[in-house]
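User: Please take a close look at one part of this structure, the metal site. Then set that part in the context of the whole chain.

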Amino acid sequence: MDQKLEQILNQYQEKIAQIVTDKDLETTRIELFGRNGLFNDLFTKMKDIEPQDRRSYGQNLNVIKNELERLMALQSQKVEKTVKTKVENQENIKALPKIGHLHPVTQTERQLNALFKKLGFSVYNSPEIVTDEFNFERLNVPKNHPARDMQDSIYIKEPEYLLRTQTSTIESYLLKAKSGDLPIRAAFPGSVYRNEKVNRSNHFVFHQYQAVVVDKGLTMKDLISTMDLMFKTLYGPEVVVRYRAKYYPEVEPGVGPDMQCFNCHGKGCPICKYAGWIEMGGSGMIHPKVLKSAGIDPNIWSGFAFGMGLDRWTMAQKNIKDIRTLMGGNLAYKPNEL
Ligand SMILES: [Zn+2]
């Protein structure tokens, strides 16, 4: 066979085998068999071939043309099959049910972040390993204070470094950092840690949501109305809340909000320990000693703070009855419960 024809055959065999799209198939088809294509040119040039060789040249040319046409048809089938599989795969992906969702605690946290941002608060976070000074002392819990027994702490290095036991710790850092930049409106969600036995309502790691306001002339009315708004945002306007006087070392006076049990609506059940009410957190007017230790003059400035168990709020909001559900790995399989 003519050397040039053999070269053409080899070159196009390779080229056709590599085609993966319809567009490239068409371009190659035009290049080979189109009106101004390679074969038209080769057939036109047959007249320049010596008459005695013309016949065999023509036959060879036809053989090569047929072979390349066969390869093109084969490749066209392959391309079609690949495109079809791709489309089918995409349809399969579309058909998969949506099982992913944000963790319920994250959902509640974001709802609260949105509310507080609307009220002009900034949202903060801070490290989880803290010093005894910021976790206790600056919050009016000196060494040997009985309130330390209320929180069984997890120490990283005794007696100084521990995992924060409450989001009030973020408050101590914040008050110190912003003492020269008042007033303050801040909210901070975060994980907290205590050496607790795990059961349906307690866990050694849980989440709190804290808010703190420092301004001039704040009263209990400001505190209660802010908390009311928070309850209504999460549980709707019908929510029933009561506020009871409570002791917390970092506030004076202290108030504990209780919400009517979401499960039994006040009748009494295992979730509310037959009380009909669920304790939702602690709050109060910031103790003058706490303000003073941050370098804020309590004769000029006043403040209120509240901290809530975010897990408990989430459980009440989404009717989850066991805190261990929130820490487990199979939440994704129960989207209807949430
Ligand atoms: Zn109940």
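Analyst: The metal site comes first, then the cores, then the overall layout. The model is predicted.

Start with the zinc ion. Four cysteines supply its protein donors: Cys261, Cys264, Cys269 and Cys272, each through SG. The donors lie 2.2 to 2.3 Å from the metal. Angles among the 4 donor atoms run from 103 to 115°, and the site is tetrahedral. For that label, all angles among four donors must lie between 85 and 135 degrees. Along the sequence, the donor residues follow the spacing C-x2-C-x4-C-x2-C.

Next, the accessibility of two of these donors. Cys264 has 8% relative accessibility, so this residue counts as buried. Cys269 is also buried, because its relative accessible area is 6%. The cut-off for buried is under 20%.

Now the wider setting. The domain assignment gives domain 1 as residues 3-95 and domain 2 as residues 104-337. The zinc donors, Cys261 to Cys272, carry numbers that fall within the range of domain 2.

Then the nonpolar packing. The largest nonpolar core holds 36 residues. Leu112, Phe116, Met230, Tyr235, Met280, Phe306 and Trp313 touch the most other members. Several elements each give two or more residues to this core: helices H5 (104-118), H8 (220-235), H10 (310-318) and H11 (323-327), with strands S6 (205-215) and S11 (302-309). Helix H8 makes the largest contribution, 6 residues.

Leu112 shows how the packing joins distant stretches of sequence. Beyond its neighbours within four places in sequence, Leu112 contacts Tyr209, Met230, Leu234, Met308 and Leu310. A second core is separate and has 18 residues. Ile16, Leu32, Leu68 and Leu71 are among them.

Finally, the whole chain. The secondary structure comprises 11 helices and 11 strands. The centres of domain 1 and domain 2, taken over C-alpha atoms, are 74 Å apart. The radius of gyration is 37 Å, whereas a compact globule of 338 residues would have one near 20 Å. Along the principal axes, the C-alpha atoms fill a box of roughly 115 × 50 × 40 Å. Of the 338 residues, 41% count as buried. Among contacts with a separation of 6 or more, 67% link residues 24 or more positions apart.

To return to the part you asked about: the zinc ion has a tetrahedral site, its protein donors are the SG atoms of four cysteines, and two of these, Cys264 and Cys269, are buried.

Methods: Residues are numbered from 1 along each chain as its sequence is written. This is a predicted model: local features need pLDDT of at least 70, side-chain atom pairs count only at pLDDT 80 or more; totals for chains, interfaces and linings use all residues. Side-chain values use heavy atoms; hydrogens and water are left out. Domain bounds come from an automatic or database domain assignment. Donors are N, O and S atoms within 2.8 Å of the metal (3.2 Å for Na, K and Ca); water is not among the atoms, so sites may look incomplete. Four donors count as tetrahedral if all angles lie between 85 and 135 degrees; four count as square planar and six as octahedral if opposite donors are over 155 degrees apart and all others between 65 and 115; anything else is irregular. Buried means under 20% relative accessible area, exposed over 50%, partly exposed in between (1.4 Å probe, protein chains only). A nonpolar core is a set of buried Ala, Val, Leu, Ile, Met, Phe, Trp, Tyr and Cys residues joined through side-chain atoms within 4.5 Å. Helices (H or I, at least four residues) and strands (E, at least two) are DSSP runs, numbered from the N terminus. Contact means heavy atoms within 4.5 Å. The radius of gyration is taken over C-alpha atoms; the globule rule is 2.2 Å times the number of residues to the power 0.38.
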